[in-house]
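Let's take a friendly walk through a protein model, from its overall fold to its charged pairs and its nonpolar residues. Please keep the viewer open as you read.

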Amino acid sequence: MGAQSQAINATNEMAVRVMVRQVSKALGGLGLLAFCADLGDATGDALALAVRFASREMSRTGGGTVLVALPHDRPVEPGEVPEGVSVVFVEAPPDPDAAWAREALARL
């Protein structure tokens, strides 16, 4: 599929910035960020970092989408969302499977 992923500390600003840039360069741009890190009290901070750095990459190619998959009891705000970038929230079950992932992506 040409997809890439990396595991990082989602609350580390430098790690998020570098990872997003590396993935964007490898793929020739970034059109979708799937955020599914439930980090307890740090979830909102991690989401804000992800949106900030992914939005920069998405703006280079005209926009994109941030798909946020979190448990229903973890409502967070994505931080500042620039024009051309949309944020879609979906409820994540305790044990997401392939069928759930297909349904979540179909909402885009």
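The report below starts with the whole chain and then turns to particular residues.

## The chain as a whole

Please bear in mind that this is a predicted model. Its protein chain has three helices and three strands, and from the N terminus these elements follow the order α-β-α-β-β-α. The radius of gyration is 13 Å, close to the 13 Å that the globule rule gives for 108 residues, so the chain is as compact as a globular protein of that length. Measured out along the principal axes, the box filled by the C-alpha atoms is roughly 35 × 30 × 25 Å.

Of the 108 residues in the chain, 32% are buried. The accessible surface amounts to about 6,600 Å², and carbon and sulfur atoms account for 51% of that area. What about contacts across the sequence? Taking contacts between residues at least 6 apart in sequence, 55% join residues at least 24 apart.

## Salt bridges between helix 1 and helix 2

Side chains of opposite charge can pair when their charged atoms come close. How many salt bridges does a search of the whole structure find? There are three.

One of them pairs Glu13 with Arg52, whose closest N and O atoms are 3.2 Å apart. Glu13 belongs to helix 1 (residues 13–27) and Arg52 to helix 2 (residues 43–59), so this pair ties together parts that lie 39 residues apart in sequence. Both partners are partly exposed: Glu13 has a relative accessible area of 41%, and Arg52 has 35%.

Another salt bridge brings together the side chains of Arg21 and Glu57, at 2.8 Å from N to O. Here too distant parts of the chain are linked, with Arg21 in helix 1 and Glu57 in helix 2, 36 residues apart. Is Glu57 buried or exposed? With a relative accessibility of 5%, under the 20% cut-off, Glu57 counts as buried. Its partner Arg21 is partly exposed at 31%.

## Glu57 and its surroundings

Glu57 also forms a salt bridge with Arg60, where the closest N and O atoms are 3.3 Å apart. Arg60 is exposed, with a relative accessible area of 57%. Through shared partners, the salt bridges join Arg21, Glu57 and Arg60 into one network.

Which residues does Glu57 contact, leaving aside neighbours within four places in sequence? They are Val20, Arg21, Ser24 and Leu30. Ser24 is part of helix 1 and is buried, with a relative accessible area of 4%. Not counting residues up to four places away in sequence, Ser24 touches Gly29, Leu30 and Glu57. For a sense of scale, the C-alpha atoms of Ser24 and Thr11 are separated by 19 Å, while the two residues are 13 apart along the chain.

## The nonpolar cores

The largest nonpolar core holds 21 residues, and those touching the most other members are Val20, Phe35, Met58 and Val66. Helix 1, strand 1 (32–35), helix 2 and strand 2 (64–70) are the elements that give two or more residues to this core. Which element gives the most? That is helix 2, with eight residues.

Phe35 makes a good stop on the tour. Not counting residues up to four places away in sequence, Phe35 touches Thr43, Ala46, Leu47, Ala50, Leu67, Val68, Ala69 and Leu70. There is also a second, separate core of five residues, including Leu67, Ala69, Ala92 and Ala104.

## A nonpolar patch on the surface

Some nonpolar residues appear on the outside as well: Leu32, Leu105 and Leu108 form a surface patch, with about 260 Å² of accessible area together. Leu108 sits in the segment after helix 3 (98–106). Leu108 is partly exposed, at a relative accessible area of 46%.

Technical notes
Residues are numbered from 1 along each chain as its sequence is written. This is a predicted model: local features need pLDDT of at least 70, side-chain atom pairs count only at pLDDT 80 or more; totals for chains, interfaces and linings use all residues. Side-chain values use heavy atoms; hydrogens and water are left out. A salt bridge is a side-chain nitrogen of Lys or Arg within 4 Å of a carboxyl oxygen of Asp or Glu. Helices (H or I, at least four residues) and strands (E, at least two) are DSSP runs, numbered from the N terminus. Buried means under 20% relative accessible area, exposed over 50%, partly exposed in between (1.4 Å probe, protein chains only). Contact means heavy atoms within 4.5 Å. A nonpolar core is a set of buried Ala, Val, Leu, Ile, Met, Phe, Trp, Tyr and Cys residues joined through side-chain atoms within 4.5 Å. The radius of gyration is taken over C-alpha atoms; the globule rule is 2.2 Å times the number of residues to the power 0.38. Accessible areas come from the Shrake-Rupley method with a 1.4 Å probe; for residues, only the protein chains shown count as cover. Patches are made of residues with over 30% relative accessible area and no salt bridge: like charges are joined within 9 Å, nonpolar side chains (Val, Leu, Ile, Met, Phe, Trp, Tyr) within 5 Å.
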